[in-house]
Every structure is written in C-alpha cells, then in structure tokens.
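Reader: I am in my first year and would like a close look at a single part of this model, with its surroundings added step by step. Please go slowly and tell me how each statement leads to the next.

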Amino acid sequence: MDRNQVHRQVALMRQSFFDQGFLDEQFIQLEELQDEANPNFVEEVVTLYYRDSTRLILNIEQALEKSPLDFNKLDCHMHQFKGSSSSIGAKKVKSECTQFREYCKAGNGEGCMRTFQQLKKEYAILKKKLETYFQMARQAGPKEIACRPKPKLDICPDLEKNYVGWIPSRFRYTFSF
Amino acid sequence: MVFGASSSSSKGMTSIDKRNDGNNNFVAERNLSALIVDDDLIVRRIHTTLLTKLGVKTQGVENGKKAVDLFQSGDFFDLVIMDMEMPVMDGPEATKQLRAMGIGSMIVGVTSRNLESEKQAFMGAGLNDCYVKPLTVDDMIAILNKLNNN
C-alpha cells in the first residue's frame, strides 16, 4: 500500500470514529493542539487517560462490591471518570457515565452495575480502536501539506508578538473574536 | 462586585508596558502567567498545553488550597483557571479566599456541567467568567484577549 493510500485509510478510520459516535468535537480540540513542538500530543493524552482511569475504574469496582452501596461515593468517582472521558472526546463512554450517575441519584444499584458493565465494554472498544488508529497514523508518517502563506492577523499586528509560533488552523486567514 | 485591588506582593510580577498604538487601542505587551487549578490530570495537561502554545507561562496545581498557598507565598499569576469541584478545597472556596486576600487576577471558573444555576453560584464567589470544561482554543483566545485588554 503506498503512502497516500495509508493516509486515506487513516483518514477514513478517523472519520468513522465520529460517524459512529465513538468520539466527539473534543477530540478535534486535542488535534488542534498537536504540532511540530507536540507531534504526538493526542496519543500522549489518550495514553495518559487510559493509564489514569484504570485507578478510577478500580475505585468504582470496589465501591460496587460494598453492601449497602454508597451512592454518593459512587457518584463522586464517576464524576471524576466522566470528566476525564469528556476531555478526550470519548462520547459513548461519557454517555454511559451520565447514565450511571442518573442511577446513583435514583439509588438504583442494579442499574448502576448494568451500566458499569456497558461502560467498561465501550471503554475497551474505544481503547482498541484508538491503539490501532495511532499505530496506523505512525506508519503513515506526517502528511505533507502545501506551503500556506504566512498568516496575517489583521486586527492588531502587535498581537502576533504574543501568539507567534502557533495559530490555530481555523484562524490562518482571518482572525475574528 | 469590583475587583480592582491587585496583589500587595510584587514578587514574581512581570513589568507591564502598555502602549497606545495611535488609534487609542491599548496593546499590553508583556509575558502573561497562568495557574491551572484542577484535580483532573488530563484537563490540567490540556489546559497547560493550550496556554503554553499561546505564549503563556503556566503552572498547575490539583486543588484550591494549593492555589491559595501559592498566592500567599507571594507568587502571582495574571490568570487563574479554577475548576469547580476539587478535593481539600473546591473552586468557589478558593476563589472567595483569593478575593478576600485582595487578589485582582482574572479568575475563570470551569465546570463539568453547563448548568446555569451552578455557573451563577460559582460566579458569585468572585469569578470574572465561567466556562464548561475543557476550554476550547476559541475560549482560551477570548479569555486572553479580555486579559490583554484589561
């Protein structure tokens, strides 16, 4: 497979994550932060997420084994986990987190346990997909883009001094507030 | 509520050089500093990277008490990104304490839910603004422009 084909595969895979609801807009925000200075930023943050959330999942599992269930504690753990999951744009995982918290509020232990099983499934599926995606992206290598003209911030030239070195791609031609 | 009083300590404060560009548009030319206060490691990482890329010198702490301690020890930050829910000391409490100390830095709250009641209550503690986290590139640029214009 030539390089262009690999790039196309990677792009299609990425698009499928959004089309199938695995990822949301927040993932794009992470991509915006990736550049020559931080070339693997997205992968680093996702890796950090999976490493850090192992602890949170364990906390929830242990809390679910207690009897009677402490719904406040469960909700607190899940609040943290939801926050992290939102930060990487894990849409389906986040949705299960929300459902879990609803069951906590209602004091529905069975609902919590059922939702948690589903959450772990979504969490594992996403992990596998992203691992494959990052591996392919690394194989594809950096995408060559045509040289763009130097961006001009037309609101106030002096502002460029504060923001030199990086301007979000959306603002390359016009700078609006 | 007016937050005109700035920190009494000048340790770590960078010099401010405001110029008039001839059109009565003030352009502040200085190095900004920010403190990220959030118990979530991922959110701290994202906000830190975002601010660093925008040329802001950034530090992170995991709860409100650590933020208050830093200011009490004489450190100063132009901008504080304050999470609402944190262990040890939460965002509203830390914000109240900072304002009581006379800290005039821009304090921007971040919440995980877009609930008007929650945001209003947090604003009441003394925030300049409140957003849903994590902050987007657009949010951060808007915040920094506001800071630059103040």
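Author: A residue is called buried when its relative accessible area is under 20%, exposed when that area is over 50%, and partly exposed in between. Please keep in mind throughout that this is a predicted model. Of the 150 residues in chain B, 52% are buried, and the part to look at closely is a strand of that chain, β5, which covers residues 79-83.

To place the strand, consider chain B as a whole, whose secondary structure comes to 5 helices and 7 strands. Read from the N terminus, the elements follow one another as β-β-β-α-β-α-β-α-β-α-β-α. When contacts between residues at least 6 apart in sequence are taken together, 61% of those in chain B join residues at least 24 apart.

One residue of the strand that shows such a long reach is B:Ile81, which lies in β5. Its relative accessible area is 1%, and therefore B:Ile81 counts as buried. The C-alpha atom of B:Ile81 is separated by 5.9 Å from that of B:Val37, although the two residues are 44 residues apart along the chain. Once neighbours within four places in sequence are left aside, B:Ile81 is in contact with B:Leu35, B:Ile36, B:Val37, B:His47, B:Leu51, B:Val108, B:Val110, B:Leu135 and B:Met140.

A second residue of β5 is B:Asp83, which has 3% relative accessibility and so is buried. The UniProt record, in an unreviewed entry, lists B:Asp83 for "modified residue: 4-aspartylphosphate". Such annotations may be inferred rather than shown by experiment. Beyond its neighbours within four places in sequence, B:Asp83 is in contact with B:Val37, B:Asp38, B:Asp39, B:Gly91, B:Val110, B:Phe122 and B:Lys133. Two of these names, B:Val37 and B:Val110, also appear among the contacts of B:Ile81.

Which residue does B:Lys133 join through a cis peptide bond? That partner is B:Pro134, and omega is near -5°. B:Pro134 is placed in the loop between β7 (129-132) and α5 (137-149) of chain B. Most peptide bonds are trans, and most residues other than glycine have a negative phi, which is why departures from either habit deserve a second look. A departure in phi is found at B:Val88, where the angle is positive, about 70°, although this residue is not a glycine. B:Val88 sits in the loop between β5 and α3 (91-100) of chain B, and with 67% relative accessibility B:Val88 counts as exposed.

For a setting beyond the strand, turn to chain A, where the UniProt record, again in an unreviewed entry, places "domain: HPt" at residues 38-133. This span is 86% helix and 0% strand, and its end C-alpha atoms lie 18 Å apart. A helix that involves both chains is α4 of chain A, residues 71-87, whose 17 residues reach 24 Å from the first C-alpha to the last, close to the 24 Å expected at 1.5 Å a residue. Helix α4(A) is mostly covered, with 12 of its 17 residues buried, among them A:His77, A:His79 and A:Phe81. The buried residues of α4(A) pack against α2 (25-32), α3 (41-65), α5 (91-106) and α6 (109-140) of chain A, and also against α1 (41-53) of chain B.

At the N-terminal end of α4(A), A:Asp70 acts as a cap, with a side-chain oxygen 3.2 Å from the backbone nitrogen of A:Asn72. After the helix comes A:Gly89, whose phi is positive, near 80°. In the loop between α3 and α4 of chain A lies A:Pro68, which is joined to A:Ser67 by a cis peptide bond with omega about 0°.

Finally, some care is needed with confidence. Chain A averages a pLDDT of 84, and 80% of its residues score at least 70. Residues 145-165 of chain A, however, have a pLDDT below 50, and this stretch has 31 contacts in the model beyond near neighbours in sequence. The pLDDT also stays under 50 over residues 170-177 of chain A, for which the model has 20 contacts beyond four places in sequence.

Notes:
Residues numbered from 1 in each chain as written. Chains lettered and ligands numbered in written order. Heavy atoms only, no water. Helix = DSSP H or I, 4+ residues; strand = E, 2+ residues; numbered from the N terminus. Expected span 1.5 Å × (residues − 1). Buried < 20%, exposed > 50% of the residue type's maximum accessible area, 1.4 Å probe, protein only. Contact = heavy atoms within 4.5 Å. Polar contact = N/O pair within 3.5 Å; in protein donor to acceptor, adjacent residues only side chain to side chain. pLDDT = per-residue confidence, 0-100.
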